[in-house]
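Have your viewer open and your selection tool ready? Let's take a short walk through this model, one stop at a time.

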Amino acid sequence: MNMSRIEEKASAMRPAKYGTLRSSFVAGLVVGLAGLLGATAASAQSSAEDLRLVPQSEAQIKLSFAPIVKAVAPAVVNVYASRKVVQQQQTSPFFDDPFFRRFFGQPGGGFNRPRQRVESSLGSGVIISADGTVITNHHVIKNADEVRVALNDRREFDADIVLLDERTDLAVLKIRGEGPFEHAAFAESDSLEVGDIVLAIGNPFGVGQTVTQGIVSATARTQVGVTDFQFFIQTDAAINPGNSGGALVDMTGKLVGINTAIFSRSGGSNGIGFAIPAHMARFVARAADQGGKVQRPWLGARVQLVSAEIAEALSLERPRGVLVTSVHEGSPALEAGLQVSDLVIAVDGKEVTDPNSFGYRFATKMTGGTTEFVVLRENREVTLTVPLVPAPETVPRDKRELTDYSPFEGATVMNLSPAVAEELGLEGLYDGVVISEVRRGSAADRVGLRPGDIIRTINRQSVETTRMLETITKTPPRVWRLDIERDGKVSQITLRG
């Protein structure tokens, strides 16, 4: 090695404030660096030679994900969903005239005959049992009349819809065909860590089964806005339209998640994809086996995020857990001893950091049995045993579709109860009348009413039951002054009839 260059580097690295070092010290430094760098170079050369050794086995030669893909690919399917949409043929305004209708037909015939068109969607799915049970995304088969599944070996089967759960964006299908079918096993998604290698398998853009590879970028994303239960695995494995419902697998070939959404401005992959954890998918699949309906436990308490200000007020070192803001009478929360101002920091030993992670941990418990909350109360930890029971229907829902002339025409309403609130994702709201459905193109739709809206008052009169609301719409006032509660806020609306 060039000694003068080492001396130059040593001189350049010298702190200016110490001035010029004595030549004897420099000479000693140079000799020392020369010996150190010589040893380092020899070590590096030795390491490089070790890395360049001839592979000793076939596995070392391949260094491939192919064995994992071969094991999992037969369990990943293409899902084709179709539905028939009836459209009224657009005609000239003249056909509204009775004279023209006499010659060209009444609505439903002649020029006014409705037309049918077929809408289709394409996605992916994963076979999770030998009998042909498939899990996919709810949005892939939403409103489908027919569902067909294509296997990796090019066989195709019709499939029945066993369960739809919009709140988790998951659905369960059953293949109409004789098994056994190749299927994927669930992994324990809670053990997944940032940096773990994962493979995404699906049918992007309908090009055929495709495998992409990446790492776990995050494990508990709660601000994605896709489902009611926000707790997603984030990955940089390429996920594109058509991958929805496909598999995210680990290096053991087990299913760690169901690919669901991407963050993209162009519609293609930007390296930010999201998958529903296998823990949630397993919970929904188990519900399908036990009657085809997801039944979540009812807590009967409301919680909120612990901000930095709240953490300071509670003398916490950092924001953690969720703060209990209300406890409903007769609820499992009250029975367990949960109190307002309690700080729930863990559910069955799993830490909770915000309302979304708390909701995920509690909502994925099967009813029957109990779960344990670790609560921080007056600076000490308390363990509470919470019974896991379904939400009760304390009052009949008395479901009604409103058809009379009013701002509510086309809305389906129900009386609120804990059971109805749970179904609609309205935790903590247990009285009043709630809108459960809004028919497209109806007066309610045009006014801007949405499922989940609670009708509090009409012209300052409290609306307590669906029967009362229907009576009001049969004798409509000239002016409608409405108080509508949405997302915890009450808005006042004035409409003229």
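Start by selecting strand 8 (210-221), strand 16 (350-351) and helix 10 (355-363): each of them supplies at least two residues to the lining of the second largest pocket. Bear in mind as you look that this is a predicted model. Helix 10 gives the largest share of that lining, 3 residues. Now show Asp190, Thr219, Ala220, Phe231 and Arg361 as sticks; of the 16 lining residues, these lie nearest the centre of the pocket. The space inside comes to about 240 Å³. If you colour the lining by class, you will find 6 nonpolar, 5 polar and 5 charged residues.

Keep strand 8 on screen and add strand 7 (residues 197-202). The two strands pair in the antiparallel sense over 6 bridges; in one of these pairings, Ile201 has Val211 of strand 8 as its bridge partner. Next, bring in strand 10 (residues 247-249), which runs antiparallel to strand 7 and is joined to it by 3 bridges. Here Ala200 stands opposite Leu248. Strand 7 is mostly covered, with 5 of its 6 residues buried.

For the last stop, select helix 13 (residues 466-474). Which of its residues are buried? They are Thr466, Leu469, Glu470, Ile472 and Thr473. These residues sit on the same side of helix 13 because they cover an arc of only 160° around the axis. Turn to the face away from that buried side and you will meet the exposed residues Arg467 and Lys474. To see what covers the buried residues, show the strands around them, including strand 20 (411-415), strand 21 (433-438) and strand 24 (479-486).

Note on methods
Residues are numbered from 1 along each chain as its sequence is written. This is a predicted model: local features need pLDDT of at least 70, side-chain atom pairs count only at pLDDT 80 or more; totals for chains, interfaces and linings use all residues. Side-chain values use heavy atoms; hydrogens and water are left out. Buried means under 20% relative accessible area, exposed over 50%, partly exposed in between (1.4 Å probe, protein chains only). Helices (H or I, at least four residues) and strands (E, at least two) are DSSP runs, numbered from the N terminus. The arc is that of the directions from the helix axis to the C-beta atoms. Contact means heavy atoms within 4.5 Å. On a 1 Å grid over the protein atoms alone, a cavity is a set of points where a 1.4 Å probe fits but cannot get out, and a pocket is an open set with protein on both sides within 12 Å along at least five of seven lines; lining residues have an atom within 4 Å of a point. Grid points are joined across faces, edges and corners, and a volume is the space filled by probe spheres set on the points. Ala, Val, Leu, Ile, Met, Phe, Trp, Tyr, Cys and Pro count as nonpolar, Asp, Glu, Lys and Arg as charged, and the others, Gly among them, as polar. Two strands pair if DSSP finds at least two bridges between them.
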